[in-house]
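Work through the exercises below with the sequence and the model at hand. Each task is followed by a solution in steps.

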Amino acid sequence: MTVVPLCGSVQQRLGWAVLVFVLGTFGVLAGLAAYGWDVDLGSASTRIALTGVPYAVAAAFCAPSRWVRLGAVAALVAGVAYGGFVGPAQSRQRLHEAEVARYREHPELLYLGAAPPGKRVSHAWVDPASFSVDYRGVREDGFAYVGLVVRVPLTPTPRCPKILGKGVTCTLDVHGEMRTVRELPGGGRAVTLIRRHRNVEVEVASQTSMNPGYAVS
């Protein structure tokens with residue numbers, strides 16, 4: 001009778017069992033890592049069944065039949081190819097499709113570009129008819145703020161208020177872009193620009209001040 005190599009004695013059988021356990025456990029850990037990278041491993045029952053596959057493959061490597069060992073090699077290559085290449089590519093494709101679906105639901109998100117120089121995204125949120133992004137300065141030695149709002153137009157055309165406060169100016173150009181400037185104590189200023197872009201209204205508000213205590217919310 002042909003026996004599995006390394007199983008000629010009790011000690012060899014123990015060593016074979018430990019070897020299969022260690023190699024199989026490495027395979028399970030690799031599967032868990034792939035699952036953590038959003039690789040699709042099927043339903044819960046399928047994932048439970050797949051848990052035993054690495055141990056079976058490890059045991060097959062020690063089988064006396066050459067065809068069984070070749071089958072184990074093929075299974076290992078297929079597992080590495082799917083877990084390392086095919087699965088992650090499918091995961092990225094699903095993520096891309098989800099992002100496209102989100103943009104179709106909220107097309108105004110397409111107007112969100114990179115953060116302005118020296119700024120970082122502080123907060124972003126989406127409402128039913130708009131989305132907003134707050135940017136803060138990267139440096140801590142001064143106060144800098146930029147806010148972006150893209151929304152469904154609120155009024156037919158932007159208009160400057162009839163009554164302006166002290167230190168506030170408002171201009172409206174021929175293209176319908178409204179610019180409001182507010183001088184702040186300490187040498188800072190707050191600027192708000194409102195303009196139409198296709199079928200949305202874009203508002204950009206920026207503020208700089210060397211004294212955060214003069215920040216305008």
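**Exercise 1. The largest pocket**

Which helix supplies the largest share of the lining of the largest pocket, and how many residues does that helix give?

Solution. The model is a predicted one.
- Step 1: take the volume; the largest pocket holds about 820 Å³ of space.
- Step 2: list the elements that give two or more residues to its lining, namely helix 1 (10–36), helix 2 (44–50), helix 3 (53–61) and helix 4 (66–105).
- Step 3: take the lining as a whole, which has 28 residues, with Gly27, Ala30, Gly31, Pro54 and Gly79 nearest the centre of the pocket.
- Step 4: pick out the largest share, which is the nine residues of helix 1.

**Exercise 2. The chain as a whole**

Describe the order of the elements, then the burial and the surface of the chain.

Solution.
- Step 1: count the elements; the chain has four helices and seven strands.
- Step 2: read them from the N terminus, which gives α-α-α-α-β-β-β-β-β-β-β.
- Step 3: turn to burial; 24% of the 217 residues count as buried.
- Step 4: turn to the surface; about 14,800 Å² is exposed, and carbon and sulfur atoms supply 64% of that area.
- Step 5: consider sequence separation; of the contacts between residues at least 6 apart in sequence, 37% join residues at least 24 apart.

**Exercise 3. The largest nonpolar core**

Identify the residues of the largest nonpolar core and the elements behind them, then follow one core residue outward.

Solution.
- Step 1: name the members; the core consists of eight residues, Phe131, Val133, Tyr135, Val146, Leu148, Val150, Val200 and Val202.
- Step 2: assign elements; those giving two or more residues to the core are strand 2 (130–137), strand 3 (143–151) and strand 7 (200–209).
- Step 3: follow Val202, whose contacts beyond four places in sequence are Leu148, Val149, Val150, Leu193, Ile194, Arg195 and His197.

**Exercise 4. Two residues compared with the burial cut-off**

Is Arg151 buried or exposed? Classify Ser132 in the same manner and list the contacts of each residue.

Solution.
- Step 1: locate the residues; Arg151 is in strand 3, and Ser132 is in strand 2.
- Step 2: apply the cut-off, by which buried means under 20% relative accessible area. Arg151 has 13% and is therefore buried. Ser132 has 6% relative accessibility, so Ser132 is buried too.
- Step 3: list contacts, excluding residues up to four places away in sequence. Arg151 touches Ala129, Ser130, Ile194, Val200, Glu201 and Glu203. Ser132 is in contact with His123, Ala124, Trp125, Leu148 and Val149.
- Step 4: check for a polar partner; the side chains of Arg151 and Glu203 make a polar contact at 2.8 Å.

**Exercise 5. Partly exposed strand residues**

What are the relative accessible areas of Leu193 and Thr208, and which C-alpha separations can be stated for them?

Solution.
- Step 1: place the residues; Leu193 belongs to strand 6 (residues 189–197), and Thr208 to strand 7.
- Step 2: read the areas; Leu193 has 29% and is partly exposed, while Thr208 has 41% and is also partly exposed.
- Step 3: take the separations. The C-alpha atoms of Leu193 and Glu177 are 7.0 Å apart, with these positions 16 residues apart along the chain counted as their separation. For Thr208 and Gly188, 20 residues apart along the chain, the C-alpha distance is 5.3 Å.
- Step 4: add the contacts of Leu193 beyond four places in sequence, which are Glu177, Met178, Arg179, Val202, Glu203 and Val204.

Note on methods
Residues are numbered from 1 along each chain as its sequence is written. This is a predicted model: local features need pLDDT of at least 70, side-chain atom pairs count only at pLDDT 80 or more; totals for chains, interfaces and linings use all residues. Side-chain values use heavy atoms; hydrogens and water are left out. Buried means under 20% relative accessible area, exposed over 50%, partly exposed in between (1.4 Å probe, protein chains only). Contact means heavy atoms within 4.5 Å. Accessible areas come from the Shrake-Rupley method with a 1.4 Å probe; for residues, only the protein chains shown count as cover. A nonpolar core is a set of buried Ala, Val, Leu, Ile, Met, Phe, Trp, Tyr and Cys residues joined through side-chain atoms within 4.5 Å. A polar contact is a pair of N or O atoms within 3.5 Å; within protein, one must be able to donate a hydrogen and the other to accept it, and residues adjacent in sequence count only if both atoms are side-chain atoms. On a 1 Å grid over the protein atoms alone, a cavity is a set of points where a 1.4 Å probe fits but cannot get out, and a pocket is an open set with protein on both sides within 12 Å along at least five of seven lines; lining residues have an atom within 4 Å of a point. Grid points are joined across faces, edges and corners, and a volume is the space filled by probe spheres set on the points.
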